[in-house]
Amino acid sequence: MKIVAFNVPAHGFVLAINSGPGQARMTSMALGKLDSTMWVHLTTGTSDVIGAVAVSVNEQEEFLLDEIPAIPGASQWQAFPVLCYLRTARIWRPGVLTSAQREGLIESCPQAPELKLGFEIDLDDEDATILKALKEDGRKSYDELARQVGTSVATVKRRLDRLRREGKLQIRAAIAPCHLGLRTEIVMWLRVRDSDIEHATQALVGDDTIKYAVRIAGNWTFVLKFDVVDRHFVDAFLRSREWTKYVDSSSMSVVVATTKRNNTRST
């Protein structure tokens, strides 16, 4: 388990990449090394590698036309622009803590009700340095942060509390689902009729078992991720979900290996 800080980007893509024979791992590792990637998985199904990236509007052209085609081993790829973030790991509830325990933790630290969408460009230099340092190691002390930023401990504490209250930063544990007994991770693509998108959106937003869900542009409507004890439990999981009644068609991939999770590369 690693403690990290993160924010939610305003502009993102979900990437679906196919590689040449025997090159999927190389492709996955190369994608995971990019600063812009948030998570990267090797998967079964129609794509060898699926990942999420965040790039600013000014960088999108270079990223899509130059960086992605240059990834070693990538033979075909699709980029699906994220239109809306519905759920992220920040609000995932895997059932480890009770509601009372969660409330107790939230009350003990500054916490915004929503994590603000946006990039570091709306932060000043000191705030951006704090965010970068905590993305590397969320356990850094105020003394360590003060030395790295070049300011006082009191100033760092005041800035960090403000960033958390404003929803520009959150510190949380980045833990592989397998350590919680959830040994199968699923990436699912959903196609929903236009008339049902609003209803499906609300159902996904309200489903605490969904770890990641985004509304995307392209030939799919949503991409989501969830975890179950074993792949044999997938059908039972889906039967109990409110949002499945709005799904017109879907495609499912099982995560074989994870290269990057919560902006942190796997070791």
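**A guided tour, beginning at Asp207**

Asp207 has a relative accessibility of 8%, and for this reason it counts as buried. The model on display is a predicted one, and Asp207 is a suitable place to enter it. Select the loop that joins α7 (197-205) to β8 (210-216), since Asp207 is found there. Then display Arg87, Arg241 and Trp243: apart from neighbours within four places in sequence, these are the residues in contact with Asp207.

**The whole chain**

Next, select the entire protein and colour it by confidence. The average pLDDT is 84, and 78% of the residues score at least 70. Where is confidence lowest, and where is it highest? Strand β1 (residues 2-6) has the lowest mean, 50, whereas strand β7 (residues 184-192) has the highest, 97. Where pLDDT is low, the predicted coordinates should not be read in detail.

A cartoon view displays eight helices and 11 strands. Of the 267 residues, 47% count as buried. Among contacts between residues at least 6 apart in sequence, 77% join residues at least 24 apart.

**Ser36**

Move now to the loop between α1 (24-32) and β3 (37-43), and select Ser36. Is Ser36 buried or exposed? Its relative accessible area is 15%, under the 20% limit, and Ser36 is therefore buried. Leaving out residues up to four places away in sequence, Ser36 touches Ala52, Val53, Ala54, Val55 and Phe63.

**Helix α6**

The next selection is helix α6, residues 153-165. Its 13 residues, at 1.5 Å a residue, should span 18 Å; the C-alpha atoms at its ends are 18 Å apart, and so the two values agree. Which residues of α6 are buried? They are Thr155, Val156, Arg159, Leu160, Asp161, Leu163 and Arg164. After the helix comes Gly167, which has a positive phi, near 75°.

**Where α4 meets α6**

Keep α6 selected and add α4. The two helices pack at an angle of about 80°, and their axes are 10 Å apart. This angle makes α4 roughly perpendicular to α6. On the α4 side, the contact is formed by Glu126, Asp127, Ile130 and Leu134; on the α6 side, by Thr155, Val156, Arg159, Leu160, Arg162 and Leu163. Sorted by class, the residues of this contact are five nonpolar, one polar and four charged.

**Where α5 meets α6**

Hide α4 and select helix α5, residues 142-149. The axes of α5 and α6 cross at roughly 100° and come within 8 Å. The two helices are therefore roughly perpendicular to each other. From α5, display Tyr142, Asp143, Leu145 and Ala146; these meet Val153, Val156, Lys157, Leu160 and Asp161 of α6. By class, this contact has six nonpolar, no polar and three charged residues.

**Ala133, the last stop**

Return to helix α4, residues 125-136, and select Ala133. Why does Ala133 count as buried? Its relative accessibility is 1%, below the cut-off of 20%, so Ala133 falls in the buried class. Beyond its neighbours within four places in sequence, Ala133 is in contact with Lys140, Leu145 and Gln148. Leu145 has already appeared on this tour, as one of the α5 residues that meet α6. To finish, display the C-alpha atoms of Ala133 and Glu144: these residues are 11 apart along the chain, and the two atoms are separated by 9.4 Å.

Notes: Residues numbered from 1 in each chain as written. Predicted model: local features only at pLDDT ≥ 70, side-chain atom pairs only at ≥ 80, totals over all residues. Heavy atoms only, no water. Helix = DSSP H or I, 4+ residues; strand = E, 2+ residues; numbered from the N terminus. Buried < 20%, exposed > 50% of the residue type's maximum accessible area, 1.4 Å probe, protein only. Contact = heavy atoms within 4.5 Å. pLDDT = per-residue confidence, 0-100. Expected span 1.5 Å × (residues − 1). Axes fitted to C-alpha atoms, helices over the stretch in contact; angles between N-to-C directions. Parallel < 35°, antiparallel > 145°, perpendicular 65-115°, else oblique. Nonpolar A, V, L, I, M, F, W, Y, C, P; charged D, E, K, R; others polar.
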